[in-house]
Amino acid sequence: MVEFIINYSGYSEDDKLAIAVGLSMTFRQVLVEARPSAEALEAIKNGVWGALLITPCPSDLPCFKDVEDAVNYSEVYSTPVGYEGPLPKVARRRTSTFNKHYLKPWRWARGGEKMEVGHYLLPLMACLYRQLKLLDAVPIVVSDVRLQPSGVSQPDYMVIPTWHIPNEVAEVVDVYMPPLKATAIALGILTGGYNAGPVIAIAKTRDYLAPKVVEMGGYVVILDEASDPCQLFSRRIVGYSYKRRQYVVDPSLCDKCGECLKTSCPAITPSPLGVPQILQTCTGCGACALLCTRGAIH
Ligand code: SF4
Ligand code: SF4
C-alpha cells in the first residue's frame, strides 16, 4: 500500500526526495520518482519513519520489485528502499502522526562547553523559542541551519524567564538534514496532514517552495532577508537579518537583584558593585532584558 506518489516534474530531484522524507515523518507510505544526489540519499539513511520507496532503484539501496515487500522492509528497518515495478495505485489509510522523540538527535543538539554567545543564529532562535513556548501545540521546526551541536551535556544557552523551565535555544530546530531543503521537507510534513502545531521552515534563501509552504498553512523564515522574525505568526513569511546588538544595564534602574544572571549567559557577569556587566560578546538576544524585573536592561 502506497499513500502518496511524488513525481511532479516541477520539483528538483532532491526536492522530490525531501518532500517524500517530510511525508515519511508523518508516518506516511510514499513512493518518489527521482534520481536524487548521493549526498541527499546519504542524509536520509537514518531519517525514515513511514515507508519511503525510491524509483528507479538507487545503486546502494536494497531494490524490490514487489511494492508490499518494499513497504514492509522500509517500515521495519526505518530505511529508504529502491523500487522497480509498475506504479502502484495510491490509497490513504492513516491519519497523520508524528512523534518528536524520533527526532531526538537534532532536537537536543547542544552548544557544548565552549558557549557560542556570538553565534549569529541566537537572536533568531531565542525569538522563535519564546513564541513556540507559549503555544499549546507541538510545533515542528525544519531548518537549513542550526546552532552548532556537540555531544557534551552543558546547555548552550537559556532564554526563557519566569515560569518556564529554562531550556536550550538549540532545541528549537527539530529537523536538519542538509542538503535537503527545509522548505521541501516542511512541504512534505504539511502534505502528510500534520496539524498538531505549526510547521516552520527556516530557509537559507527564498526559493520556489516557500510560497507553497505558506499556502499549505506553514510558516517560513528566510535568512538574509531583512524583517522581524518575531512577527512570524502574524505574517507567515518573515526574514531574518542578523545585526549584532549590544544590550546594556542602566545602573540608575538596577536594584542588583541578580535575576538577569539566571540566563546563564556568559556575556552577562556579576561585578564588584553589584550591577551586572554586559560584555562585548553579547549577541542582543534579549533574554536578560526579559528577566530583568526593573526594566534596567535595554
Ligand atoms: S547579555 Fe543579555 S542580551 Fe546579551 S547575549 Fe546575554 S542574555 Fe542575550
Ligand atoms: S535583573 Fe535587572 S535589576 Fe536585577 S540585577 Fe539584573 S539588571 Fe539589575
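**Figure 1. S78, a partly exposed residue with a positive phi.** S78 has a relative accessible area of 34% and therefore counts as partly exposed. In these legends, buried means under 20% relative accessible area, exposed means over 50%, and partly exposed lies in between (1.4 Å probe, protein chains only). The structure is a predicted model, in which local features need pLDDT of at least 70 and side-chain atom pairs count only at pLDDT 80 or more, while totals for chains, interfaces and linings use all residues. Residues are numbered from 1 along each chain as its sequence is written, chains are lettered from A and ligands numbered from 1 in the order in which they are written, and side-chain values use heavy atoms, with hydrogens and water left out. S78 is placed in the loop between α3 and β5; helices (H or I, at least four residues) and strands (E, at least two) are DSSP runs, numbered from the N terminus. Although S78 is not a glycine, its phi is positive, at about 50°. Most residues other than glycine have a negative phi.

**Figure 2. F27, a buried residue with a positive phi.** F27 is located in the loop between α1 and β2. Its phi is near 60°, a positive value in a residue other than glycine. With a relative accessible area of 16%, F27 is buried.

**Figure 3. The open sheet and the helices α1 and α3.** An open sheet is formed by 5 strands in the order β1-β2-β3-β5-β4, with parallel pairing. The edges are taken by β1 (4-6) and β4 (63-64); each has a single partner strand, so one side of each is left without a neighbour in the sheet. Strands of a sheet pair through backbone hydrogen bonds, either parallel or antiparallel; here, two strands pair if DSSP finds at least two bridges between them. The strands β4 and β5 (residues 81-83) run parallel and are joined by 2 bridges, and C63 stands opposite G82 in β5. Helix α1 (residues 13-25) lies across β1, β2 (29-33) and β3 (51-55), running at about 175° to β2. Helix α3 (residues 67-77) lies across β2, β3, β4 and β5, at about 130° to β3. Axes are lines fitted to C-alpha atoms, for helices over the stretch in contact, and angles run from 0 to 180 degrees between N-to-C directions; contact means heavy atoms within 4.5 Å.

**Figure 4. The disulfide of C57 and C63.** The sulfur atoms of C57 and C63 are 2.0 Å apart and form a disulfide, that is, a pair of cysteine sulfur atoms within 2.5 Å. The torsion about the S-S bond is about 75°, so this disulfide is right-handed. C57 has 18% relative accessibility and counts as buried, whereas C63, at 41%, counts as partly exposed.

**Figure 5. The disulfide of C127 and C230.** C127 is joined to C230 by a disulfide, with an S to S distance of 2.2 Å. The pair links distant parts of the chain, 103 residues apart: C127 belongs to helix α5 (residues 122-133), and C230 to the loop between β8 (219-223) and α8 (232-235). C127 is buried, at 3% relative accessibility, while C230 is partly exposed, at 36%. The structure holds 2 disulfides, and with bonded cysteines counted along the chain they follow the pattern 1-2, 3-4.

**Figure 6. Cis peptide bonds before P56 and P179.** T55 and P56 are joined by a cis peptide bond with an omega of about 0°; P56 lies in the loop between β3 and β4. A cis peptide bond also joins P178 and P179, where omega is about 10°, and P179 is found in the loop between β6 (140-143) and α6 (182-191). Most peptide bonds are trans.

**Figure 7. The surroundings of ligand 2.** Among the residues around ligand 2, each with a heavy atom within 4 Å of it, are C254, C257, E259, C260, P276 and C292. By class, this shell has 7 nonpolar, 1 polar and 4 charged residues. Ala, Val, Leu, Ile, Met, Phe, Trp, Tyr, Cys and Pro count as nonpolar, Asp, Glu, Lys and Arg as charged, and the others, Gly among them, as polar. C260 is buried, with a relative accessible area of 7%. E259, in the loop between β9 (237-240) and β10 (268-269), counts as partly exposed at 24% relative accessibility. E259 and P276 are 17 residues apart in sequence, and their C-alpha atoms are 9.9 Å apart in space. Leaving aside its neighbours within four places in sequence, E259 is in contact with L291 and T293.
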